[in-house]
Amino acid sequence: MKHNFGAGPCILPKEVFQQASEAVIDFNNTDLSILEISHRSKEFEAVIDEATQLVRELLSVPQGYSILFLQGGASLQFAMAPLNLLPEGGKAAYLDTGVWATKALKEAKKFGTVDVVASSIDKNYSYIPKGYAIPTDAAYFHYTANNTIYGTEVFDKPETALPVVVDMSSDIFSREINVADYDLIYAGAQKNMGPAGVTLVIVKDDILGKSGRVLPSMLDYQLHINGGSMYNTPPVYSIFVSMLNLRWLKAKGGVSVLEQENIIKARALYDEIDRNPLFKGTAAVEDRSRMNVTFVMDTPELEAEFLALAKERNLIGIKGHRSVGGFRASIYNALPLSSVNALIDAMKEFEDTHTA
């Protein structure tokens, strides 16, 4: 058995893979593949309707919010959000906590002024800034909920009266949130929702149409809402697999159950990192991500040897991002505790062979 700690595209449940593969041959006894059915067919309309309803149910999305399945990843949302929400000559406030937050604010600068309210670049993004002031004259405040590269996570929404935009690509569905606290949530699917190719957007309807901009049709949230996520041909297969995965999540007991499992997995791995004299975490303890556990070795020269052991033990995808080094274990919803324990066992074995 391989233990997939890849940061994304990432692990999904085995039953989802099985159901998805069967639909490639014959979708719902239509004698057609899910890859070839019309996105305007009643069969696919049922898929997108169910996926929408599952998102609404699992996240308790209130009335007055629209749910969209778009393309272009979170990276396109870096531009779509300011295009739709930032008036000409306006200002937006951004929190800088890593690569993806930086890319988001760079895109926003193309459409107006960006006030970077705080940054943790001074310590290579190893913590979440605290105690910063958010300007009251900005059109919105944007932050990245979980930083996959640096292993930090924002668990409490920053307090502000501004509309709040959040990138939840790598922790959506991993913990309970109050959607009403946010005005725009976006998330690439390829961590906890489904495969790469579709992006979830949850937007408060009454914040739209106020920027005064003339928007390209494909970048206008309202046109996508009016078209039911089918203004153009949607990523049919990615939406279908996401629907299957959301079914699995519901059958598990919902987001609250997965949150408790994620807490247990993260705690077990962090406990071993803190106990084992060969390893140390890279993120501030109070900001440690439950989704992406980043750590290094006290003796960097041993890292290649530990990676070789990990490969022998079928621990896949734990090499750290080049900007941090060391190791990164991504422990998304579908990764079982048994895989985390397999990594812990390898760390203990390495300790036994490298300490007196």
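In helix α6 of this predicted model, the buried residues are Val236, Ser238, Ile239, Phe240, Val241, Ser242, Met243, Leu244, Asn245, Leu246, Trp248 and Leu249. The helix is thus described as mostly covered, with 12 of its 17 residues buried. These buried residues pack against four elements, namely α1 (14-25), α2 (42-58), β2 (65-70) and α7 (255-275). After α6 comes glycine 253, which has a positive phi near 120 degrees.

## Helices α6 and α2

Helix α2 is one of the elements against which the buried residues of α6 pack. In α2, the buried residues are Phe44, Val47, Ile48, Ala51, Leu54, Val55, Arg56 and Leu58. They pack against β2, β10 (199-204), α6 and α7. Just after α2, serine 60 adopts a positive phi of about 50 degrees. The table sets out the lengths of the two helices.

| Helix | Number of residues | First to last C-alpha | Expected at 1.5 Å a residue |
|---|---|---|---|
| α6 (236-252) | 17 residues | 25 Å | 24 Å |
| α2 | 17 residues | 24 Å | 24 Å |

For α6, the reach is close to the expected value, and for α2 the reach is likewise close to the expected value.

## Helices α7 and α9

Helix α7 also has helix α9 (residues 337-354) beside it: the two axes come within 9 Å and cross at roughly 5 degrees. Because of this angle, α7 counts as roughly parallel to α9. On the α7 side, the contact is made by Ile264, Lys265, Ala268, Leu269, Glu272, Ile273 and Arg275. On the α9 side, the residues are Leu337, Val340, Leu343, Ile344, Met347, Lys348 and Glu351.

## The sheet of seven strands

Strand β2, against which buried residues of both α6 and α2 pack, belongs to an open sheet. This sheet has seven strands in the order β2-β10-β9-β8-β5-β3-β4, and its pairing is mixed. Strands β2 and β4 (113-119) are at the edges with a single partner strand each, so one side of each has no neighbour in the sheet. From one strand to the next, the twist averages 15 degrees.

Several pairings can be followed strand by strand, beginning at the β4 edge. Strand β3 (residues 91-96) pairs with β4 in the parallel sense over six bridges. Within this pair, alanine 93 stands opposite aspartate 115 of β4. Helix α4 (residues 99-108) packs on the sheet, where it touches β3, β4, β5 (141-144) and β9 (184-188). The direction of α4 makes about 165 degrees with that of β3.

Strand β3 also pairs with β5, in the parallel sense and over two bridges. Here tyrosine 94 stands opposite histidine 142 in β5. Strand β5 in turn pairs with strand β8 (residues 164-167), again in the parallel sense, over four bridges. Histidine 142 stands opposite valine 165 in β8. Histidine 142 therefore has tyrosine 94 opposite in one pairing and valine 165 opposite in the other, as the DSSP bridges define pairing.

In a regular strand, the side chains alternate between the two faces of the sheet. In β5, Phe141 and Tyr143 lie on one side, while His142 and Thr144 lie on the other. These four residues are all buried, and both faces of β5 are covered.

## The sheet of three strands

A further open sheet consists of three strands in the order β11-β12-β14, and its pairing is antiparallel. The edge strands are β11 (279-281) and β14 (327-330), each of which pairs on one side only. Neighbouring strands of this sheet are turned against each other by 35 degrees on average, direction ignored. Strand β12 (residues 292-297) pairs with β14 in the antiparallel sense over four bridges. In β14, serine 330 is the residue opposite asparagine 292.

## Histidine 321

The loop between β13 (315-316) and β14 contains histidine 321. This residue counts as buried because its relative accessibility is 18%, which is under the 20% limit for buried residues. The side chain of histidine 321 makes a polar contact of 2.9 Å with the side chain of serine 323. When residues up to four places away in sequence are not counted, histidine 321 touches Ile149 and Arg328.

Conventions: Residues numbered from 1 in each chain as written. Predicted model: local features only at pLDDT ≥ 70, side-chain atom pairs only at ≥ 80, totals over all residues. Heavy atoms only, no water. Axes fitted to C-alpha atoms, helices over the stretch in contact; angles between N-to-C directions. Buried < 20%, exposed > 50% of the residue type's maximum accessible area, 1.4 Å probe, protein only. Polar contact = N/O pair within 3.5 Å; in protein donor to acceptor, adjacent residues only side chain to side chain. Contact = heavy atoms within 4.5 Å. Expected span 1.5 Å × (residues − 1). Parallel < 35°, antiparallel > 145°, perpendicular 65-115°, else oblique.
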